[in-house]
Amino acid sequence: MPAPSPHRVAVLVLEGAKPLDVGIPAQVFTTRASMPYEVRVCGAESGLVTGGDGLSYSVAHGLRTLEWADIVFVPGYRIPDREDPPQAVVDTLIRAHDRGARLAAISTGAFALAATGLLDGKRATTHWHYTRALAARHPLVRVDENVLFVDEGSVLTSAGAASGIDLCLHILRGDLGVAASNHAARRLVAAPYRSGGQAQYVPRSVPEPLGERFAATREWALHRLGEPLTLDTLARQAGVSPRTFSRRFVEETGYTPMQWVMRARIDVARELLERSERSVEQIAADIGLGTGANLRLHFQRILGTTPSEYRRTFTRGA
């Protein structure tokens, strides 16, 4: 069976582009045997683009690359709250979206997407330092300052640079499945999954040792998903009361403890469906959900599809 056609990724470098924001999608999606993506870095024009933090970029492609791309990343750039990108950039982003390309912003790249009007009436985020400026400059955008990224389907936004990795892994997970996303995370030495609803930074009122203890508890739970895991069990492992554990856990992750456990179990189920021939009943037992009916129920609720359909989608052409 022929290999699938690669997804075409454009990274649009604007004046003052931030180096980490440019590098994240370029590295995550760079062409390799295990990743069906082709990446092109472009600017408003080909040639030298002055970046931020003392770096500049020599780009071989101009805006016509956006006519080629399936996904367009707009990295963050300097002083986005003072003026919009050139009109030619805004118009080309709109045309790319109109023909079906996904637009994804990292950090202050959200300002460029907001300038197109495509975020009007939608949720979006950006770096926490600029959330108020984004809301003031584009009042029709529903700015959420308390999340790592927002997926509105054809337009996606993320917070600061590190959350750009989370957004890229989220896109990978949707395109290629959990196994490919986890493989990329291991290559990047990054967390395989942080929910979009997780806070951009832990409130200062939360003592740092508690946050470290909760990270250890989550890691402990990930190795025991096939066992009974309750709020009391997790709180006891963390060494705090169930009430304290539940409240602080939501602050750190955006989920209640049991919501997080269920999503972790479903992620393991997804990888087993992609990479093994185990039955739905066997997978349900492996991940602590007991029966195939239980797995199907939660799979449908969280992902909007069935385990069987998911397996067909992500093993097709393998």
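Is C42 buried or exposed? In this predicted model, C42 has 0% relative accessibility, so it counts as buried. C168 also has 0% relative accessibility and counts as buried. Two cysteines may make you wonder about disulfides: a pair counts when the sulfur atoms lie within 2.5 Å, and by this rule the count comes to zero.

**A hairpin to look at**

Now find strand β3 (residues 47-50) and strand β4: they run antiparallel and are joined by four bridges. Within this pairing, G47 of β3 stands opposite V59 in β4. The hairpin has five residues between its strands, and D53 takes a positive phi near 60 degrees there.

Strand β4 (residues 56-59) also shows a neat pattern. Y57 and V59 point to one face and are buried, while S56 and S58 point to the other face and are not buried. This fits a broader rule: in a regular strand, side chains alternate between the two faces of the sheet.

**Unusual backbone angles**

Most residues other than glycine have a negative phi. Two loop residues in this model go the other way: I79 has a positive phi of about 40 degrees, and S107 has one of about 55 degrees. You can find I79 in the loop between β5 (71-74) and α3 (87-98), whereas S107 sits in the loop between β6 (102-105) and α4 (109-115).

How do their surroundings compare?

| Residue | Relative accessibility | Class |
|---|---|---|
| I79 | 35% | partly exposed |
| S107 | 6% | buried |

Buried means under 20% relative accessible area, so S107, at 6%, counts as buried.

Key: Residues numbered from 1 in each chain as written. Predicted model: local features only at pLDDT ≥ 70, side-chain atom pairs only at ≥ 80, totals over all residues. Heavy atoms only, no water. Buried < 20%, exposed > 50% of the residue type's maximum accessible area, 1.4 Å probe, protein only. Helix = DSSP H or I, 4+ residues; strand = E, 2+ residues; numbered from the N terminus. Pairing = 2+ DSSP bridges.
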